[in-house]
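Please examine the assignments made for the following model and ask on what grounds each one rests.

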Amino acid sequence: MAPLRFSANLSWLFPELSGFPARLRAAGSSGFEAAEIGWPYAEPPEALARAAREAGLRVVLINTPPGDREKGENGLGAVPGRQAAFREGLEQAVLYAKALGCSRIHLMAGRVPKGADRTAVRGEMEVVFLENLRHAAEVLAQENLVGLLEPINTRITDPRYFLDTPQQAAAILQKVGRPNLQLQMDLFHWQIMDGNLTGNVREFLPIVGHVQVAQVPGRGEPDSPGELNFSYLFQLLEDEGYTGFVGCEYQPRGDTAEGLSWLRSYWEMRGRPQAGQ
C-alpha cells in the first residue's frame, strides 16, 4: 500500500498570496509535489509552467473555462446552445495543459439554464453533454490527455449544476464509453449528496482519475470540525489501491501553511521526510 500523493489546489490554498506563481512557490516550500489550478487562464501558460518548474511541482489538473461568469455560467459541457463555446474552451484548456505538462482536464458540465425545470431539460442536456464528451475524448486522445467528470453538489454549493451525483456521472461515462474519460471524486460533494462514502469509494474507484478533499460542511481542512473522518478515508483509499493524486480543495481557516499540520502528520506517519529536512 503506497502512501497517498497530495496536490495543492491553488485556486483555494494560499489565498493570502497574489497570483499563481507565488502560490506555486508556497506550495513547493510546503512540501507538495504537485498542484492543480481551476482556471489558470488569466496568466500566460509559459509563465505558469516556468513557475511550476522552479517550485519543483507537477501541475496535475486544470478545468475547462467556465464560460461567461457574469451571466452565471459555471462550465459549458451540457449547456444547450453553447457547444461551440465549449469546444473553443476545450482547445484553450488543451493548450494550457500541454504547456504545463498537465495530463488531466476537468470537463465542466455547467448549470441548468435559469428558469428551466431540471427534470424537463435533463434529457436534452445529457444529449448535449454526450456529444461534447465524445468530441472531447477524441481531441484529448490526440494529445494523450484524460478528461474528468466531477459531480458537484446541488444542496449547498451549486443548486443548478447539471452533474451532481457519482451515479449520474458514472452512467454518462458508460454511455460515452471512452477510456480516456474518467470520474473526479470530490469527497466533499459526494458526502453532501449521497453519503455512503465507503461503499461509493469502493464501487467507483476503478473509474476514478482524481480525488479531492475538504471537510463537511464547512469545506475547511481535513482536520477541521465536521462529519468526515479523514484518517479512515485516507486509509481506505490506500487499501483500495488508489495511486492518483488527492487534491486539497478546501478553504483554509487561517494561514494556509499553518493549517497543513494534518498533512505533515500524515507524511510523518508514512515516513516521508518533511520539507527542509
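The questions and answers below concern a predicted model.

Q: Why is Ser7 called buried?
A: Buried means under 20% relative accessible area. Ser7 has 0% relative accessibility, and therefore counts as buried. Ser7 lies in strand E1 (residues 5-9).

Q: Which residues is Ser7 in contact with, leaving aside its neighbours within four places in sequence?
A: Contact requires heavy atoms within 4.5 Å. Among the residues in contact with Ser7 are Phe32, Val60 and His210, together with Phe245, Val246, Gly247 and Cys248. The last four of these belong to strand E8 (residues 245-248).

Q: How do you know that E1 and E8 pair, and in what sense do they run?
A: Two strands pair if at least two bridges are found between them. E1 and E8 are joined by 4 bridges, and they run parallel. One bridge partner in E8 is Cys248, which is matched with Ala8.

Q: What makes E7 and E8 a pair?
A: The requirement is at least two bridges. Strand E7 (residues 208-213) pairs with E8 over 3 bridges, in the parallel sense. Val246 in E8 is the bridge partner of Val211. With helix H8 (residues 230-239), E7 and E8 make a right-handed β-α-β unit.

Q: What makes both faces of E8 count as covered?
A: On one side Phe245 and Gly247 are buried, and on the other side Val246 and Cys248 are buried.

Q: Why are the phi of Phe14 and the phi of Arg219 remarked upon?
A: Most residues other than glycine have a negative phi. Phe14 is not glycine, yet its phi is positive, near 60°. Arg219, also not a glycine, has a positive phi of about 60°. Phe14 is in the loop between E1 and helix H1 (20-29), whereas Arg219 is in the loop between E7 and H8.

Q: Why are Phe14 and Arg219 classed as buried?
A: The cut-off is under 20% relative accessible area. Phe14, at 3% relative accessibility, therefore counts as buried. Arg219 has a relative accessible area of 10%, so Arg219 is buried.

Q: Why is the peptide bond from Val216 to Pro217 singled out?
A: Most peptide bonds are trans. The bond from Val216 to Pro217 is cis, with omega near 5°. Pro217 is found in the loop between E7 and H8.

Q: Which elements do the buried residues of helix H5 pack against?
A: They pack against helices H4, H6 and H7 and strands E5 and E6. The buried residues of H5 include Ala169, Ile172, Leu173 and Val176.

Notes. Residues numbered from 1 in each chain as written. Predicted model: local features only at pLDDT ≥ 70, side-chain atom pairs only at ≥ 80, totals over all residues. Heavy atoms only, no water. Buried < 20%, exposed > 50% of the residue type's maximum accessible area, 1.4 Å probe, protein only. Helix = DSSP H or I, 4+ residues; strand = E, 2+ residues; numbered from the N terminus. Right-handed = clockwise from strand over helix to strand, strands pointing away.
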